[in-house]
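Please examine the sequence and the coordinates shown below. The explanation after them proceeds from the fold of a chain to the contact between chains.

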2 protein chains.
Amino acid sequence: MITRKKLVEEINKKGSFLCVGLDPDLKKLPEHLKEVENPIWEFNKAIIDATAPYAVAFKPNWAFYECYGIKGVEALEKTVSYIKSQYPEIMVIADAKRGDIGNTAAMYAKAVFENMSCDAVTLAPYMGRDSVQPFMDYEGHWCIVLALTSNKSASDFETLELAGGDRMYEQVLEVSSKWGTDENTMYVVGATQAESLDRVREIVPTHFLLVPGVGAQGGSLEEVARYGMTEDCGLLVNSSRGIIYASSGTDFAEAAAREAEKLAKAMAELLQACR
Amino acid sequence: MITRKKLVEEINKKGSFLCVGLDPDLKKLPEHLKEVENPIWEFNKAIIDATAPYAVAFKPNWAFYECYGIKGVEALEKTVSYIKSQYPEIMVIADAKRGDIGNTAAMYAKAVFENMSCDAVTLAPYMGRDSVQPFMDYEGHWCIVLALTSNKSASDFETLELAGGDRMYEQVLEVSSKWGTDENTMYVVGATQAESLDRVREIVPTHFLLVPGVGAQGGSLEEVARYGMTEDCGLLVNSSRGIIYASSGTDFAEAAAREAEKLAKAMAELLQACR
């Protein structure tokens, strides 16, 4: 169980607020791994061991396991249980973006929190409170609700102006932040939306934000910290492709460690500057 | 591959627009099934065989399999492949409500359309076009986008009024209906929202609607048909709990068949009345 206090301790200890995204794509794995029994698991294990010193969270992306059927789910189960046994202080975020009516949401919550033993899960807000509450009912776990995402078409619906003047994502923040607290709720805000972080912080000044989009998607770490950082950090910045595919050779794990270390160093400076 | 033409033929042949939801909850399965090797699979197989004469679609709800880990996914794979091999004319809808950025959405699309061989998938619209397009790229498959859902908290965000005067779900219909056509896109509109079906039909007069919420959730089949039916039906009405848990005894399959038959008979009358 990773409380906010424990998460902040880990951030301070490591001088990092890095979340490493585990999105293993068989096509992109190093050649020499393609012949082993379970390439995804071997890849993940090496990446986890190499980057754990610099990471406060790992975020396996469910889609990248589901697309390989049973074998993928096996690799996912092994991955999560390896992190929980070897690095219990590191948060595991199920990046699954679930969202369904109450009785179904309860089953998804069971899947990620009981069966998979994850600490947190990403959730889509469209269907409203019913679809989030069953996850919140798990004490000591985190709901990470989509607010303003890093993709281009976030503008299709997330930034629509409402009759009251708010944007849709602002309303999501305002309404859903009352369902829980800043001890069990976080928000996804894309790094590519750094200029909106100011507005996000007006509505949720203390909630942790999970920020994807640094790296492959073009977001800036400095901008994210400038607009999004709180007294106790309040940020988890995710990098997936930029770390795990830093090299496609036999040195992929060392290369991943180097990239993670580079990001963690930049983060340490930003944390310092904020003190 | 189930085209609109094939779907409508099946509806006319069976005089039914029934979708049977396969949401197997171990706690609710008949006692005598709890001792077999794979209770969920045995349960589903019996339900499928019993209700196939009355159904034009089956809709396994992903959450009810994921929550049992590998065993659940095995049961799900067996279930879908059984339907596709025994009843190829019946549509299989992956009720998974996925929604993520493009590269991830592509992986989810692979999972449901290639690995699981489903004909259709339910999708959450919040993240916009990026999150739907990779599914639309699969020719001959269906994207079923959430519009106005059957749960109470649909009012949290789905029915919010936008600056232009539209409700959020109306905007979702207007915008996303231009991404594809009525040959590859459907919408989820809850039966509990029957009075809004009028408005839905103004925006998407010809798209098929997947309508959950008849039965356990209290929606009325007659109201749905009155406001939602098109010339070629345009409706798939789902019932899950009302059919699959009609009896908890050894006669569960026969009881499910009776409930499905009852719904199908009512549907046949509504189809007749519409001609």
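The paragraphs that follow treat the barrel, a helix that packs on its sheet, a buried strand and the contact between the chains.

The coordinates are those of a predicted model. In chain A, the strands β1-β2-β3-β4-β5-β6-β7-β8 form a closed barrel of 8 strands, paired in parallel. From one strand to the next, the twist averages 30 degrees. One of the pairings joins strand β2 (residues 55-60) of chain A to strand β3 (residues 91-98) of chain A, in the parallel sense and over 2 bridges. Here Ala57(A) has Met91(A) of β3(A) opposite.

A helix lies against this sheet: α10(A) packs on it and touches β7 and β8 of chain A. The direction of α10(A) makes about 165 degrees with that of β8(A). Which residues of helix α10 (residues 221-228) of chain A are buried? They are Leu221(A), Val224(A), Ala225(A) and Gly228(A). These residues cover an arc of only 95 degrees around the axis, and therefore lie on the same side of α10(A). The spacing follows a general property of helices: an α-helix has 3.6 residues a turn, so residues three or four places apart point the same way. The cover over the buried residues of α10(A) includes the strands β7 (208-211) and β8 (235-239) of chain A, together with the helices α9 (194-203) and α12 (252-274) of chain A.

In chain B, strand β5 (residues 142-148) may be considered next, with its pairing partners. Strand β4 (residues 120-123) of chain B runs parallel to β5(B), and 4 bridges join the two. Within this pairing, Val121(B) has Cys143(B) of β5(B) as its bridge partner. β5(B) also pairs with strand β6 (residues 185-189) of chain B, in the parallel sense and over 5 bridges. There, Leu148(B) is bridged to Val189(B) of β6(B). Of the 7 residues of β5(B), 7 are buried, so the strand is largely enclosed by the rest of the structure.

The last topic is the contact between the two chains. How many residues does the contact take from each of chain A and chain B? It takes 46 residues from chain A and 46 residues from chain B. On the side of chain A that touches chain B, the elements that give two or more residues are α3 (63-66), α4 (69-86), α5 (102-115), α7 (154-157) and α8 (168-176) of chain A. α5(A) gives the most to this side, with 7 residues. By class, the side of chain A that touches chain B comprises 21 nonpolar, 13 polar and 12 charged residues.

Conventions: Residues are numbered from 1 along each chain as its sequence is written. Chains are lettered from A and ligands numbered from 1 in the order in which they are written. This is a predicted model: local features need pLDDT of at least 70, side-chain atom pairs count only at pLDDT 80 or more; totals for chains, interfaces and linings use all residues. Two residues are in contact if their C-beta atoms, placed from the backbone, lie within 7 Å. Ala, Val, Leu, Ile, Met, Phe, Trp, Tyr, Cys and Pro count as nonpolar, Asp, Glu, Lys and Arg as charged, and the others, Gly among them, as polar. A residue is buried if 20 or more other C-beta atoms lie within 10 Å of its own, exposed if 12 or fewer, and partly exposed in between; C-beta atoms are placed from the backbone. Two strands pair if DSSP finds at least two bridges between them. The arc is that of the directions from the helix axis to the C-beta atoms. Axes are lines fitted to C-alpha atoms, for helices over the stretch in contact, and angles run from 0 to 180 degrees between N-to-C directions.
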